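The exercises below are meant to be worked with the sequence and the model side by side. Try each task before reading its solution.

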Amino acid sequence: MGQFHSNRDFYCDKLKVLDLNTFEWSEPNVSGDIPSGRRSHSAWTYRNKMYIFGGFYSVDDKHYNELFEFDPVTSRWSKIRALGACPTPRRRQCTVVLGDRVFLFGGTSPCRKVGNENYSYNTGLQDLDDLHILDFAPSLFTLSAVRVIELNLHKPYARYLPASINNTLRSMTTTNKANIPPSRFDLQG
């Protein structure tokens, strides 16, 4: 019966374009690393290119952490491998472009599987509170800091570095924890 008469999810991988001058929809002939159909992904534009990250494909219960770039001039998709630690697979995240950086916050991700080879179950979904930054124009300092962290040099040589650099390296390697003090929810006080 097709996608409109079925309980089965359908995820189209076709790109649709709305011409804002004529208000006409079209479907360009695209090439390259075409991303699979998905939902709940993020999309943004930067320097006349479109990017998508993450998303969910319920047919296979799969969350993505892929980054794709679309160039409307060439109608070509490219899968991007960014430097640094990639965010975990997720959907429903929020992204904001500020200057040359994209801030990606939160989202929803599958929890780990619990059990053994004879019996296991998925513990469901978890809401994320982490922050990732994709820098399209990183400074020499940022590139150097990422390399120092990759080589794990930031801890053994910490005493030789200025405090401001140590603080930056610590911020780049420490897990973010968002905690609200219990007193904020204390209705009796």
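**Exercise 1. Find which residues make up the largest nonpolar core, and which strands supply it.**

Solution. Begin with the term itself: a nonpolar core is a set of buried Ala, Val, Leu, Ile, Met, Phe, Trp, Tyr and Cys residues joined through side-chain atoms within 4.5 Å, where buried means under 20% relative accessible area, exposed means over 50% and partly exposed lies in between, with a 1.4 Å probe and protein chains only. By this rule the largest nonpolar core has seven residues, namely Trp44, Tyr46, Tyr51, Phe53, Leu67, Val102 and Leu104. At least two residues of this core come from each of S4, strand S5 (49-57) and S9. Another core, of six residues, lies apart from it and includes Leu15, Phe68, Phe70 and Trp77. As a general background, nonpolar side chains in soluble globular proteins tend to be buried together.

The model is a predicted one, in which local features need pLDDT of at least 70 and side-chain atom pairs count only at pLDDT 80 or more, whereas totals for chains, interfaces and linings use all residues. Residues are numbered from 1 along each chain as its sequence is written, and side-chain values use heavy atoms, with hydrogens and water left out.

**Exercise 2. List the residues in contact with leucine 104, leaving aside its neighbours within four places in sequence.**

Solution. Contact means heavy atoms within 4.5 Å. With those neighbours left aside, leucine 104 touches Phe53, Arg90, Gln93, Cys94, Thr95, Asp130, Leu131 and His132. Of these partners, Phe53 is also a member of the seven-residue core.

**Exercise 3. Work out in what order the three strands of the open sheet that contains S9 are arranged, and which of them stand at the edges.**

Solution. Helices (H or I, at least four residues) and strands (E, at least two) are DSSP runs numbered from the N terminus, and two strands pair if DSSP finds at least two bridges between them. The order is S8-S9-S12, with antiparallel pairing. Strand S8 (94-98) and strand S12 (125-135) each have a single partner strand, so one side of each is left without a neighbour in the sheet.

Next, take the pairs one at a time:

- S8 and S9 run antiparallel and are joined by five bridges, with valine 97 opposite valine 102 in S9.
- S8 and S9 also form a hairpin with two residues between them, and glycine 99 in the turn has a positive phi of about 65 degrees.
- Strand S9 (residues 101-110) pairs with S12 in the antiparallel sense over nine bridges, and serine 109 stands opposite glutamine 126 in S12.

Finally, consider burial: S9 is mostly covered, since seven of its ten residues are buried.

**Exercise 4. Determine the strand order in the five-strand open sheet, and identify its edge strands.**

Solution. The order is S3-S7-S6-S5-S4, and the pairing is mixed. The edges are formed by strand S3 (31-32) and S4, each of which pairs on one side only. Within the sheet, S6 and strand S7 (residues 76-80) pair in the antiparallel sense over five bridges, and phenylalanine 70 stands opposite tryptophan 77 in S7; both of these residues are among those named for the six-residue core.

**Exercise 5. Decide whether histidine 63 and alanine 43 are buried, partly exposed or exposed, and describe their surroundings.**

Solution. Histidine 63 is found in strand S6 (residues 62-71), and at 10% relative accessibility it counts as buried. The side chain of histidine 63 makes a polar contact (a pair of N or O atoms within 3.5 Å; within protein, one must be able to donate a hydrogen and the other to accept it, and residues adjacent in sequence count only if both atoms are side-chain atoms) with the side chain of arginine 91, at 3.1 Å. Beyond its neighbours within four places in sequence, histidine 63 is in contact with residues including Gly55, Phe56, Thr108 and Leu125.

Alanine 43 lies in strand S4 (residues 42-46) and is partly exposed, with a relative accessible area of 47%. Beyond its neighbours within four places in sequence, alanine 43 is in contact with Tyr51, Ile52 and Thr95.
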